[in-house]
Amino acid sequence: MNSTRQDLATREDHPRIEQSRARNTLLPLVDIFEDEEGIVLVADMPGVSSRDLDIQVNDNVLSLEGEIKVDVPSGTEASFAELRGTRYERRFTLSRELDTDRIEADLKNGVLRLRVPKRAEHRPRRIEIKS
Amino acid sequence: MWNSILSWERPFFGQLDQLRHDLDSLFSETGFSDIRSAPRGSFPLINIGESTDEVRVFVFAPGMNADDLDVNLQNNVLSIHGRRSAEPGQQPGQGLYHRRERFDGEFTRAVSLPDTVNPNAVEASFKDGILTVTVKKRAEVQPRRIKVKADK
């Protein structure tokens, strides 16, 4: 987990770069499911390969970033575009009962599946009632 | 340039397109759209790129396999049909969904390609959740180099 401090400093120095970055950034659509074991996040990120995907946890904030790459030969011009962006970015705050050291991530066919387990002491326990 | 397909920035109308893009992000629809275009949040989204010798259609269909997609080209109308199932493993009554933004179910989408395409020269491939359909243009509309005969 690298610090993003350097990254933030660069952004402040170059507001124009940051502006064009924001304009080309899309919000990936997600499903978030919770059960006794933890939380599962599923995100649609077509065009992102595992090489261009960056998942970080900093101060309880989970951030997902991915670069969209499409195979286009030179000399091709866009004539119709419903997807307008070159990258995905989305952040979520996590809560303390989640064990961020044991996050599992899997990217397949442009879908990211992330599992954040709950710490053992926070999992629900069945309490026996003595008769 | 793959970048131009995604960012919709053109050299001549750069600022105008940018304004349109900004308006697009404010309102879900502009008053002017392609007859077969789909509203924001539809599945799958489609981009089309064109060069002098081919047309490339990019279908953003994450979570699907090549086998799940039924692609048809009739004259110059390309249609894509398929079904995306919800994530398996989530049994009802065993937990809760906080968000369900992703599409699941059956879909059919169609786009019209230029009249200059050759419906018999089609190729399709699938990578990282993007289906790419490449259709060659007919030979007679492709640019040809004309030989200039030397005067003897």
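Begin by selecting A:Asp31 in this predicted model, and follow its side chain across to chain B, where it reaches the backbone nitrogen of B:Glu101 at 3.1 Å. The side chain of A:Asp31 also reaches the backbone nitrogen of B:Arg102, again at 3.1 Å. If you colour the model by strand, you will find A:Asp31 in strand β2 of chain A. Is A:Asp31 buried or exposed? Because its relative accessibility is 6%, and the cut-off for a buried residue is under 20%, A:Asp31 counts as buried. Now show what surrounds this residue: leaving aside neighbours within four places in sequence, A:Asp31 is in contact with A:Val40, A:Leu41 and A:Val42 from chain A, and with B:Tyr97, B:Arg99, B:Arg100, B:Glu101 and B:Arg102 from chain B.

Next, widen the selection to the whole contact between the two chains, which takes 43 residues from chain A and 53 residues from chain B. The area buried between chain A and chain B is about 4,400 Å², and carbon and sulfur atoms give 54% of that area. Which three residues supply more than any other three of the area that chain A buries against chain B? Select A:Phe80, A:Glu82 and A:Arg84, which together supply 17% of it.

Turn now to the polar side of this interface, where 22 residue pairs are in polar contact across chain A and chain B. On the side of chain A that touches chain B, the strands β2 (30-34), β3 (38-44), β6 (77-81), β7 (87-93) and β9 (111-117) of chain A each supply at least two residues. Sorted by class, that side of chain A has 20 nonpolar, 11 polar and 12 charged residues. The count of salt bridges between the two chains is 6, and one to display is that of B:Arg84 with A:Asp44, whose closest N and O atoms are 2.9 Å apart.

From here, select β6(A) together with strand β1 of chain B, residues 45-50, and look along the pair: the two strands run antiparallel and are joined by 4 bridges. A:Phe80 stands opposite B:Ile48 in β1(B), while the bridge partner of A:Glu77 in β1(B) is B:Glu50. Staying in chain B, add strand β2, residues 54-60, which runs antiparallel to β1(B) and is joined to it by 6 bridges. Within this pair B:Gly49 stands opposite B:Arg56 in β2(B), and the hairpin that joins β1(B) to β2(B) passes through 3 residues.

For the last stop, return to chain A and select β9(A), a strand that is mostly covered, with 5 of its 7 residues buried. Which strands pair with β9(A)? One of them is β3(A), which runs antiparallel to β9(A) and is joined to it by 7 bridges; in this pairing A:Val40 has A:Arg115 as its bridge partner in β9(A). Another is strand β8 of chain A, residues 104-108, which pairs with β9(A) in the antiparallel sense over 5 bridges, and here A:Leu107 stands opposite A:Leu112 in β9(A). Finish at the hairpin of β8(A) and β9(A), which has 2 residues between the strands, and centre the view on A:Asn109, which takes a positive phi near 50 degrees.

Terms used: Residues are numbered from 1 along each chain as its sequence is written. Chains are lettered from A and ligands numbered from 1 in the order in which they are written. This is a predicted model: local features need pLDDT of at least 70, side-chain atom pairs count only at pLDDT 80 or more; totals for chains, interfaces and linings use all residues. Side-chain values use heavy atoms; hydrogens and water are left out. Contact means heavy atoms within 4.5 Å. Buried area is the accessible area (1.4 Å probe) that two parts lose on being put together, summed over both. A salt bridge is a side-chain nitrogen of Lys or Arg within 4 Å of a carboxyl oxygen of Asp or Glu. A polar contact is a pair of N or O atoms within 3.5 Å; within protein, one must be able to donate a hydrogen and the other to accept it, and residues adjacent in sequence count only if both atoms are side-chain atoms. Ala, Val, Leu, Ile, Met, Phe, Trp, Tyr, Cys and Pro count as nonpolar, Asp, Glu, Lys and Arg as charged, and the others, Gly among them, as polar. Two strands pair if DSSP finds at least two bridges between them. Buried means under 20% relative accessible area, exposed over 50%, partly exposed in between (1.4 Å probe, protein chains only).
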